[in-house]
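Reader: Hey, I've got a protein model open and I'm a bit lost. Can you walk me through a few spots?
Author: Sure, let's have a look together.

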Amino acid sequence: MTTQQASLRIDADLLESLRIEAKRQHRSASHLAGEAIEVMLRNCTEKRAAIQAALREAEAGVFVSQAAMDDWVSSWGTDAETPPPEPDVFIGSRGR
C-alpha cells in the first residue's frame, strides 16, 4: 500500500499519550495514528450501513412491540428464557 504524508494538529497531551503508547508497542506514533484513523473510518462506514439497514426495516412498517421486547428481556437468565419475539406491530399497507 502506498502511503502519503499528512499533518494534523492535536492536543499536546494527546500527542504525548500517543508517543508513549507507540513506544510501548515498538511502533511509530504515525503508525498508531494511521491505524486509529483506519478503525474510526471503518466504524463510521459500518454505523452508516447499520442505520441504512434499520431505515429500510422501518420503512417496511413491521416492528416488535415494546411489551413483547420487555417480556423477552425479562426472561433472560431464567429457566423459562424465550426466543426473540416475532414482529407484532404492522403499520400501513406495507405491513400485514
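Author: One thing up front: this is a predicted model. A good place to begin is a nonpolar surface patch of about 290 Å².

Reader: Which residues make that nonpolar patch?
Author: L8, I10 and L14 make it. Of these, L14 sits in helix α1, which covers residues 12-24.

Reader: Okay, α1. What caps its N-terminal end?
Author: D11 does that job: one of its side-chain oxygens lies 2.9 Å from the backbone nitrogen of D13.

Reader: And what follows α1?
Author: H26 does, and its phi is positive, near 55°.

Reader: What should the span of α1 be, and how far apart are its end C-alpha atoms?
Author: With 13 residues at 1.5 Å a residue, α1 should span 18 Å. Its end C-alpha atoms are 19 Å apart, so the two values agree.

Reader: Cool. New topic: how many salt bridges are there?
Author: The structure holds two. One joins E21 and R24, with the closest N and O atoms 3.3 Å apart. The other is between the side chains of E38 and R42, at 3.8 Å from N to O.

Reader: Why would side chains like that pair up at all?
Author: Opposite charges can pair when the charged atoms come close.

Reader: How are E21 and R24 placed in the helix?
Author: They're three residues apart in α1, so about one helical turn separates them. E38 and R42 are four residues apart in helix α2 (residues 29-59), and that is also about one helical turn.

Reader: Why does that spacing matter for direction?
Author: An α-helix has 3.6 residues a turn, so residues three or four places apart point the same way.

Reader: Is R24 buried or exposed?
Author: Exposed, with a relative accessible area of 61%. Its partner E21 is partly exposed at 29%. In the other pair, E38 is partly exposed at 47%, and R42 is partly exposed too, at 40%.

Reader: Switching again: where is S65?
Author: S65 lies in the loop between β1 (62-63) and α3 (66-75).

Reader: Buried or exposed, that S65?
Author: Buried: its relative accessibility is 18%, and the cut-off for buried is under 20%.

Reader: What does S65 contact, leaving aside its neighbours within four places in sequence?
Author: D88 and V89. As for its polar side-chain atom, that lies 3.1 Å from the backbone nitrogen of A68.

Reader: Great, thanks!

Notes. Residues are numbered from 1 along each chain as its sequence is written. This is a predicted model: local features need pLDDT of at least 70, side-chain atom pairs count only at pLDDT 80 or more; totals for chains, interfaces and linings use all residues. Side-chain values use heavy atoms; hydrogens and water are left out. Patches are made of residues with over 30% relative accessible area and no salt bridge: like charges are joined within 9 Å, nonpolar side chains (Val, Leu, Ile, Met, Phe, Trp, Tyr) within 5 Å. Accessible areas come from the Shrake-Rupley method with a 1.4 Å probe; for residues, only the protein chains shown count as cover. A salt bridge is a side-chain nitrogen of Lys or Arg within 4 Å of a carboxyl oxygen of Asp or Glu. Helices (H or I, at least four residues) and strands (E, at least two) are DSSP runs, numbered from the N terminus. Buried means under 20% relative accessible area, exposed over 50%, partly exposed in between (1.4 Å probe, protein chains only). A polar contact is a pair of N or O atoms within 3.5 Å; within protein, one must be able to donate a hydrogen and the other to accept it, and residues adjacent in sequence count only if both atoms are side-chain atoms. Contact means heavy atoms within 4.5 Å. The expected span of a helix is 1.5 Å times one less than its number of residues.
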